[in-house]
Amino acid sequence: MSAFIDVATRGTRSSAAVPVTARLRSAGVWIVAAVAILITVIATMLMTSDRGTDAPLHYDSTSRDGMKAMVETLRDQGVDVTTTEDFDTAHKAAGQPDTSLLIPTQAETLSQGDIDGFRSELAAEDNRLVLIDPGYAVQEFTDRITVNDSLSPLASPDKISQPDCAVPSAEAAGPVETGDYEYAEARKGTEGLRACYPFAGPGVSQIDGGAVTPGSAHGQLIVDQGGGGKGDFPVTVLGNSTWATNAGIDEEGHASLVLSELSQTDHLVVYYPTESADSESAPSTLDYVPSWFIAGAVWLVPCIIVLLLIIGRRFGPLAVERLPVIVPAVETVHGRAALAARSHDRTGALHTLRTGALLRIAKRLALGPEAGLTDIIVGISNSTGRDPAQIESVFSSAVPHTDSDLANIVHLLTLIESEVS
């Protein structure tokens, strides 16, 4: 039907071929969309190609569990911070005087040879080792500290821990968030070792049966100055990784505690262990594909879709209809009725029916074109004997609120029209 109306309106009777310029204009929106998608993909890849890693506790990570905020803050405070994932670089840097070596995570992945190398370099200059929540891997670095395995399994520690020790950094920092593990001295009465932030709360107690003797110094912060013997060096254990993360360093006393412990020397080496080449999985095919090729392939997807839409679109001739076009009245009636039903326009539909009925009744009563609604209502009343108020309501003032109301009004409308003689 739309094609017929278009032909009737514009008088188009020929089926001339659609020019190339018209086709390009119709495809202009798709071409612009493809260019926009291309620019978005390229911009996204450029912005993400140089992003730092999202590895947990990585010194370059800006994610919630990264440590970039802590590292940059230490640098702003004048600490010479060296960050590396290379063992040889970290091993060499750990041997310079007045240095602290920080291993924030994955200490368990280090081989015994790597650990012995760090131990010898640290002991040579009496440098400090700082471990963040190393778990049982702490026993590979020192035999003076271990995980507190004598804690009651029924313990439910409070979410906030108090210092409860004489370590200056902990006293200045105040309370911190409670972690998952507690550390302790491996032998009760170890000289030079102090523990802070012990677990406290319902069910927290020391029991027999573990490697740690009940009554040993225990807590989430262990500061060990070393025993003074050959191969000994200071070790600090930060028992909760949240204290150093980007998301947690500004909570409670985390920043004060972590920054105080890591700024006690002029130099800080942050070594992030990575898996060795022997343990890495074999490279996949995608590892050999350059990033620009992936960007181009992604760009081709919308281009191919647009091309298919352009080629697959049928530019046939307009439908030709002999003029004038005749539309059957019943088709118009059905169309208007469907629109009224779909939009629930009861008032409009009733108005149309009233208008048609009034025109037919006026003609039947031989009323002239100057006759108004009041004249027609009086004529209907005189012809049928009905109350003028009822007629006025049916033909003018009654408002249908439901389909049932509309049906009742139309029924009276038809009945009254049939009574007019």
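This tour moves through a predicted model, from the whole chain to its nonpolar cores, then to single residues, and last to the helices of the later part of the sequence.

**The whole chain**

Begin with everything displayed in cartoon form: the protein contains 15 helices and 12 strands, and of its 421 residues 34% count as buried. If you draw contacts between residues at least 6 apart in sequence, 74% of them join residues at least 24 apart.

**The nonpolar cores**

Next, select M70, L102 and Y197, which are the residues with the most contacts inside the largest nonpolar core, a set of 32 residues. To see where this core comes from, colour α4 (68-76), β3 (128-132), α8 (168-173), β10 (221-224), α9 (254-262) and β12 (267-271), each of which supplies at least two of its residues. Of these elements, α9 gives the largest share, namely four residues. Then move to F118, L122, L193 and F233, which are included in a second, separate core of 26 residues. As background, nonpolar side chains in soluble globular proteins tend to be buried together.

**Two loop residues and one strand residue**

Keep Y197 selected and look at its backbone, where phi is near 60°, a positive value in a residue other than glycine. Most residues other than glycine have a negative phi. Y197 lies in the loop between β8 (193-196) and β9 (218-219), and because its relative accessibility is 0%, below the 20% cut-off, it counts as buried.

Now select Q106, in the loop between β2 (99-103) and α6 (112-125). Q106 too is not a glycine and has a positive phi, about 55°. Is Q106 buried or partly exposed? With a relative accessible area of 23%, Q106 is partly exposed.

From that loop, step back into strand β2 and select T99. T99 has a relative accessibility of 1% and therefore counts as buried. Show what surrounds T99, leaving aside neighbours within four places in sequence, and the residues in contact with it are A93, A94, N127, R128, T265, H267 and V269.

**Helices α10 and α11**

Go on to helix α10, residues 291-312, whose 22 residues reach 32 Å from the first C-alpha to the last, close to the 32 Å expected at 1.5 Å a residue. Within α10, select A295, P302 and V306, which are buried.

Helix α11, residues 329-343, can be checked in the same manner: its 15 residues should span 21 Å at 1.5 Å a residue, and the end C-alpha atoms are 21 Å apart, so the two values agree. Extend the selection to H344, just after α11, and you will find a positive phi of about 55°.

**Helix α12 and its two partners**

Two packed helices are described by the angle between their axes and the distance between the axes. Select α12 (residues 346-364) together with α14 (residues 388-397): they pack at an angle of about 125°, with their axes 9 Å apart. That angle makes α12 oblique to α14. On the α12 side the contact is made by R354, A357, L358 and I361, and on the α14 side by S393, V394, F395, S396 and S397. By residue class, this contact divides into five nonpolar, three polar and one charged.

Keep α12 and replace α14 with α15, whose axis comes within 11 Å of that of α12 and crosses it at roughly 5°. An angle under 35 degrees counts as roughly parallel, and α12 is therefore roughly parallel to α15. Here R346, L350, L353, R354, A357, R360, I361 and R364 in α12 meet D403, L406, I409, V410, L413 and E417 in α15. Which classes of residue make up the contact of α12 with α15? The residues divide into eight nonpolar, no polar and six charged.

**Helix α13**

End with α13, residues 373-384, whose 12 residues should span 16 Å at 1.5 Å a residue, in agreement with end C-alpha atoms 16 Å apart. Select I376, I377, G379, I380 and S381, which are buried in α13, and then display α12, α14 and α15 (403-419), which are included in what covers the buried residues of α13. The last stop is G385, which follows α13 and has a positive phi, near 80°.

Key: Residues are numbered from 1 along each chain as its sequence is written. This is a predicted model: local features need pLDDT of at least 70, side-chain atom pairs count only at pLDDT 80 or more; totals for chains, interfaces and linings use all residues. Side-chain values use heavy atoms; hydrogens and water are left out. Axes are lines fitted to C-alpha atoms, for helices over the stretch in contact, and angles run from 0 to 180 degrees between N-to-C directions. Angles under 35 degrees count as roughly parallel, over 145 as roughly antiparallel, 65 to 115 as roughly perpendicular and the rest as oblique. Contact means heavy atoms within 4.5 Å. Ala, Val, Leu, Ile, Met, Phe, Trp, Tyr, Cys and Pro count as nonpolar, Asp, Glu, Lys and Arg as charged, and the others, Gly among them, as polar. The expected span of a helix is 1.5 Å times one less than its number of residues. Buried means under 20% relative accessible area, exposed over 50%, partly exposed in between (1.4 Å probe, protein chains only). A nonpolar core is a set of buried Ala, Val, Leu, Ile, Met, Phe, Trp, Tyr and Cys residues joined through side-chain atoms within 4.5 Å.
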